[in-house]
Amino acid sequence: MLSTPSRSEAIGEEEPSGPLPAPSADPSRALAPPARARGRGLLIAAGAVCAALTMALHTWIPNAAVNLGSLFQTFLPWAGLSVPVLLVAAAVRRSRLAAVAVLAPATVWACLFGGTLADKRTERTERSERSGGGHFTVVSHNVDEDNPDPARTARALAASGADVLALQEMSSKATPAYERELAAGYPYSSDTLGVRLWSKHPLNGVEAVPIMPWTRAVRATVETPHGPVAVFAAHLASVRLTPDAGFTTDRRNDAARKLAAAVRAEPLARVVVMGDFNGTADDTALRPVTSQLTSAQREAGAGFGFTWPAPFPLVRIDQILVKGMSTTSSWTLPATGSDHLPVAASLRL
């Protein structure tokens with residue numbers, strides 16, 4: 001009996017011996033990364049967002065109990081180290097999401113400190129020379145009461161050529177060495193212990209500023225050839241970081257408020273406030289003082305101008321703040337044997 005050949009026989013194909021294969025999966029699903037790959041780097045991305053928010057909102061970090069806000073703000077520039085750390089982590093995880101997220105803290109840090117890295121001194125100096133006016137140079141230095149060679153430190157400060165020197169941690173033992181080395185170039189001084197001014201120009205109205213039970217601040221009128229300038233030299237209370245009390249800044253903050261009141265009451269239009277603040281210009285707890293004046297380093301310095309500790313400076317806790325005049329240049333001087341670096345600024349009167 002004749003039979004009609006099947007379709008497969010007609011075209012020379014053999015019948016499959018096993019079950020038919022399942023239809024192929026959706027091509028779009030095949031191209032999509034697995035869930036584990038999609039989630040790769042989420043933790044790093046979250047860390048990047050947290051780092052960006054912490055830097056951007058650092059003024060909102062509370063100072064209750066352990067003064068966490070002041071502690072973070074003291075080392076705020078170093079928060080930028082989170083960027084390369086997160087970027088390396090993103091590369092290790094091969095996560096595009098994490099790499100893109102790292103742009104957030106990088107952008108915030110650049111907005112906060114990008115201008116700090118520029119050298120503003122040349123431009124301001126040239127502008128000052130065109131506009132005229134006298135230059136008034138000041139130097140502030142915590143000389144360290146345990147300084148092993150105060151005479152060498154005094155000679156280094158005298159070599160700066162500054163019009164006024166504001167020195168902190170002047171011990172009774174070391175004072176004769178400073179008086180001997182500075183007498184020739186600085187015939188006028190405040191004659192105070194602990195914090196002292198030396199000047200090339202006459203000093204009037206010298207008085208201690210009661211910011212603490214003992215002398216930690218002094219005020220004087222410097223009679224420059226271009227008119228009087230009120231100069232404050234201050235050494236705010238020390239701070240400590242302890243496991244039980246956290247960042248202890250209460251005495252420092254109280255001294256800052258009292259110094260701020262004295263500066264606010266100052267009748268002269270041109271004011272310089274300088275010294276060891278035991279805190280940075282970013283610390284919101286010091287705003288009673290810093291909000292009234294302009295940081296010389298921020299206005300006309302190059303870089304961060306870190307001053308402590310002298311062998312490897314990490315923070316700028318020595319400040320020169322001005323009002324009623326402009327800063328043409330701000331810089332740090334070489335180490336002198338103290339645990340702080342001296343800071344200097346050239347001002348246009």
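## Close-up views of a predicted model

**Figure 1. The lining of the largest cavity.** Sorted by class, the residues around the largest cavity comprise six nonpolar, eight polar and three charged ones. Please keep in mind as you look through these views that the model is predicted. The count of cavities of 30 Å³ or more comes to one. The largest cavity holds about 200 Å³ of space. Its lining is made up of 17 residues, and those closest to the centre are Ala281, Asp282, Arg298, Phe304 and Arg316. Two helices, H5 (64–74) and H14 (296–300), each contribute at least two residues to the lining of this cavity.

**Figure 2. The largest pocket and the residues around its centre.** This pocket has a volume of about 340 Å³. Look for Val239, Arg240, Asn278, Trp308 and Ile317, which lie nearest the centre among the 18 lining residues. The lining of the largest pocket divides into seven nonpolar, seven polar and four charged residues.

**Figure 3. The second largest pocket.** Here the space amounts to about 270 Å³. Ala281, Asp282, Asp283, Arg287 and Arg298 are the closest to the centre of this pocket, out of 17 residues that line it. Helix H8 (103–113) supplies at least two residues of the lining, and so does helix H13 (287–290). By class, six of the lining residues are nonpolar, six are polar and five are charged. If you have just come from Figure 1, you will recognise some names: Ala281, Asp282 and Arg298 are listed near the centre of the second largest pocket and also near the centre of the largest cavity.

**Figure 4. An aromatic cluster.** Trp78, Trp109, Phe113, Phe304 and Phe306 come together in one cluster of aromatic residues. Searching the whole structure gives five aromatic pairs. Phe304 is worth finding in Figure 1 as well, as one of the residues closest to the centre of the largest cavity.

**Figure 5. The open sheet that runs from E3 to E13.** Six strands line up in the order E3-E4-E2-E1-E14-E13, with mixed pairing. Strand E3 (188–189) and strand E13 (326–332) are the edge strands, and each of them pairs on one side only. E13 and strand E14 (residues 343–348) run antiparallel and are joined by six bridges. To find your way along this pairing, start at Ser329, whose bridge partner in E14 is Ser346.

**Figure 6. The open sheet that runs from E5 to E11, with a helix packed on it.** This sheet also has mixed pairing, and its six strands follow the order E5-E6-E7-E10-E12-E11. Strand E5 (203–208) and strand E11 (294–295) are at the edges with a single partner strand each, so one side of each has no neighbour in the sheet. Strand E7 (residues 227–235) and strand E10 (residues 271–276) run parallel, with six bridges between them. His235 is a handy landmark here, as it stands opposite Asp276 in E10. Helix H12 (residues 250–264) packs on the sheet and touches E7, E10 and strand E12 (318–323). The direction of H12 makes about 175° with that of E7.

**Figure 7. Two backbone details in loops.** The peptide bond between Trp308 and Pro309 is cis, with omega about -10°. Pro309 belongs to the loop between H14 and E12, while Trp308 is one of the residues nearest the centre of the largest pocket in Figure 2. The other detail is Arg94, a residue other than glycine with a positive phi, near 55°. You will find Arg94 in the loop between helix H6 (82–93) and helix H7 (96–101).

Definitions and conventions:
Residues are numbered from 1 along each chain as its sequence is written. This is a predicted model: local features need pLDDT of at least 70, side-chain atom pairs count only at pLDDT 80 or more; totals for chains, interfaces and linings use all residues. Side-chain values use heavy atoms; hydrogens and water are left out. Rings of Phe, Tyr and Trp (its six-membered ring) pair if their centres lie within 6.5 Å; planes under 30 degrees apart count as stacked, over 60 as edge-to-face and the rest as tilted. On a 1 Å grid over the protein atoms alone, a cavity is a set of points where a 1.4 Å probe fits but cannot get out, and a pocket is an open set with protein on both sides within 12 Å along at least five of seven lines; lining residues have an atom within 4 Å of a point. Grid points are joined across faces, edges and corners, and a volume is the space filled by probe spheres set on the points. Ala, Val, Leu, Ile, Met, Phe, Trp, Tyr, Cys and Pro count as nonpolar, Asp, Glu, Lys and Arg as charged, and the others, Gly among them, as polar. Helices (H or I, at least four residues) and strands (E, at least two) are DSSP runs, numbered from the N terminus. Two strands pair if DSSP finds at least two bridges between them. Contact means heavy atoms within 4.5 Å. Axes are lines fitted to C-alpha atoms, for helices over the stretch in contact, and angles run from 0 to 180 degrees between N-to-C directions.
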